[in-house]
Amino acid sequence: SWPSFAIMMRGRRPSAASKASMSPWIAFHGASFSKGAPYTPETVWFEGDDVVASFDPVLGLEVHVELGTATKMFCGCPTTFGAAPNTQVCPTCLGLPGSLPVVNKVGVESAIRIGLALNCSIAEWCRFARKNYFYPDMPKNFQTSQYDEPIAYDGYLDVDVETDEGVKTFRIGIERAHMEEDTGKTTHQGGATGRIHGADYSLVDYNRAGIPLIEIVTKPIEGTGKYAPEVARAYVTALRELLRGLGVSDVKMEQGSLRCDANVSLRRTPSDTFGTRTETKNVNSLRSIERAVRYEMTRQAAVLEDGGSITQETRHWHEDTGITTSGRSKEEAEDYRYFPEPDLVPIAPSREWVEELRASLPENPAVRRARLQQVWGISDLDMQTVLNAGALDVVEDTVAAGADQAAARKWW
């Protein structure tokens with residue numbers, strides 16, 4: 001359901017119906033939130049449905065996928081999850097003087113396969129770049145990434161969303177999918193929030209530094225209206241299913257193998273220029289993606305309706321309270337001082353290799369699901385039951401071995 005905000009609105013008063021629904025509610029005053037705050041005559045109830053009646057949302061989703069390679073992207077350190085802190089490191093991933101990176105071929109192959117599965121064009125020539133910024137979890141003080149020369153670009157992924165008019169297909173444009181490396185992990189000790197502000201001290205584990213990442217960036221997602229939160233969730237769900245089918249990642253969101261940054265902005269009409277966006281960082285569950293987008297749409301609408309302006313910034317999603325809070329001002333590309341990585345040669349995948357990888361792609365999960373549902377003659381609910389049980393492969397194999405599909409499904 002949509003969150004609702006009570007905001008200071010000059011010259012406006014809530015209706016009797018709105019007053020009657022004001023318990024419990026969230027009062028919104030600038031950047032301050034409190035549950036159960038008292039109603040005053042100067043406060044107006046801002047319903048979630050008012051967001052799409054007054055504004056047109058535009059989304060942009062950035063998904064980071066940790067690849068399931070045996071070793072890191074630029075060195076031979078293992079990538080086993082859960083190892084003791086700082087036991088899977090070497091001079092290269094620690095950025096020690098004199099160490100040199102070597103590209104992981106499987107990482108490049110996985111990037112190409114992901115690009116092909118997303119209907120992207122694969123670059124005939126691309127190279128890595130240094131993304132410069134300073135944070136304790138980055139031992140080199142730069143991240144080896146790609147900037148204006150990604151390995152895959154200009155693709156799309158179709159997703160289905162249940163609407164008031166039935167199931168509707170939304171085509172999500174893919175701007176780029178590029179290779180990079182993950183950072184280390186910081187754990188902030190002390191303080192109330194678990195974040196660096198207010199912490200007594202921080203611990204850094206560099207085991208994750210250098211693990212291969214693919215960042216998949218969408219084009220601006222327009223025309224979703226009130227279904228924007230559902231479209232965001234459906235996209236990440238479909239993407240996770242696609243990546244799992246490719247076998248390039250375990251896509252375990254609870255372990256950080258797949259993380260989503262959700263960009264949200266509002267504008268008055270679809271013909272207006274894009275509004276100022278916020279970026280809610282590292283949302284790590286499908287439910288939270290939908291909730292975070294819905295919350296930000298409502299929060300921004302409340303600010304704009306009150307005559308305020310949106311700050312371009314990163315924001316943190318709080319699962320327990322269901323709100324976002326301000327992080328830091330959002331950098332522009334020039335702030336990172338990108339330049340070509342001098343220690344790595346360009347990547348130039350041959351067309352023969354690309355076509356060989358294309359031929360090895362498995363059936364698209366959505367296409368496979370629709371095909372099996374039609375062959376088995378079962379309802380959407382029955383198919384969803386099989387999917388929720390994680391039993392599609394087993395049921396398909398059982399039917400292929402000669403069992404009746406109804407009997408095979410009963411075991412699950």
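**Figure 1. Overview of the chain.** The chain holds 10 helices and 18 strands. The model shown here and in every close-up is predicted. The chain has 412 residues, and 47% of them count as buried. Take the contacts between residues at least 6 apart in sequence: 69% of these join residues at least 24 apart.

**Figure 2. The sheet of nine strands.** This open sheet is formed by nine strands with mixed pairing. Their order across the sheet is β6-β9-β10-β13-β5-β14-β15-β16-β17. Which strands lie at the edges? They are β6, residues 121-122, and β17, residues 323-329, and each of these pairs on one side only.

**Figure 3. Strands β6, β9 and β10 in detail.** This view follows one end of the strand order given for Figure 2, where β6 is followed by β9 and then β10. Strands β6 and β9 run antiparallel and are joined by two bridges. In this pairing, I122 stands opposite A152 in β9. Strand β9 covers residues 152-163, and strand β10 covers residues 166-181. How many bridges join β9 to β10? There are 11, and the two strands run antiparallel. A hairpin of two residues leads from β9 to β10. Along this pair of strands, T163 stands opposite G166 in β10, and Y156 stands opposite G173 in β10.

**Figure 4. Helix α4 across the sheet.** Helix α4 is made of residues 228-246. The helix lies across five strands, namely β5, β9, β10, β13 and β14. In sequence, β5 covers 56-66, β13 covers 212-218 and β14 covers 258-267. The angle between α4 and β9 is about 120°.

**Figure 5. Helices α3 and α4 where they cross.** Helix α3 is formed by residues 105-117. The axes of α3 and α4 come within 11 Å and cross at roughly 130°. This angle is outside the ranges for parallel, antiparallel and perpendicular, so α3 counts as oblique to α4. The crossing of α3 and α4 is right-handed. Which residues of the two helices meet? From α3 they are R113, I114 and A117, and from α4 they are L242, L243 and L246.

**Figure 6. The sheet of three strands.** A second view of strand pairing shows an open sheet in the order β8-β7-β18, with antiparallel pairing. The edge strands are β8, residues 142-145, and β18, residues 339-340, and each pairs on one side only. Strand β7 is made of residues 129-132. Four bridges link β7 to β8 in the antiparallel sense. One residue to find here is R130, which stands opposite T144 in β8.

**Figure 7. Cysteines C75, C77 and C90.** Residue C90 is found in the loop between β5 and α3. Is C90 buried or exposed? Its relative accessibility is 19%, and buried means under 20%, so C90 counts as buried. Leaving out residues up to four places away in sequence, C90 touches C75 and C77. The C-alpha atoms of C90 and C75 are 7.9 Å apart, and the two residues are 15 apart in sequence. A disulfide is a covalent bond between the sulfur atoms of two cysteines. How many disulfides does the model contain? With sulfur atoms required to be within 2.5 Å, the count is zero. C77 is in no disulfide, and its nearest cysteine sulfur, that of C90, is 3.5 Å away. C77 is also buried, because its relative accessible area of 6% is under 20%.

**Figure 8. Cysteine C260.** This residue falls within strand β14, whose range is 258-267. C260 has a relative accessible area of 0%, so C260 counts as buried.

**Figure 9. Residue Q373 and its contacts.** Q373 lies in helix α7, which covers residues 365-376. Its relative accessible area is 18%, which is under the 20% cut-off, so Q373 counts as buried. What does Q373 contact, leaving aside its neighbours within four places in sequence? The contacts are I378, S379, D380 and M383.

Technical notes:
Residues numbered from 1 in each chain as written. Predicted model: local features only at pLDDT ≥ 70, side-chain atom pairs only at ≥ 80, totals over all residues. Heavy atoms only, no water. Buried < 20%, exposed > 50% of the residue type's maximum accessible area, 1.4 Å probe, protein only. Pairing = 2+ DSSP bridges. Contact = heavy atoms within 4.5 Å. Axes fitted to C-alpha atoms, helices over the stretch in contact; angles between N-to-C directions. Parallel < 35°, antiparallel > 145°, perpendicular 65-115°, else oblique. Left-handed = near helix turned anticlockwise from the far one by under 90°.
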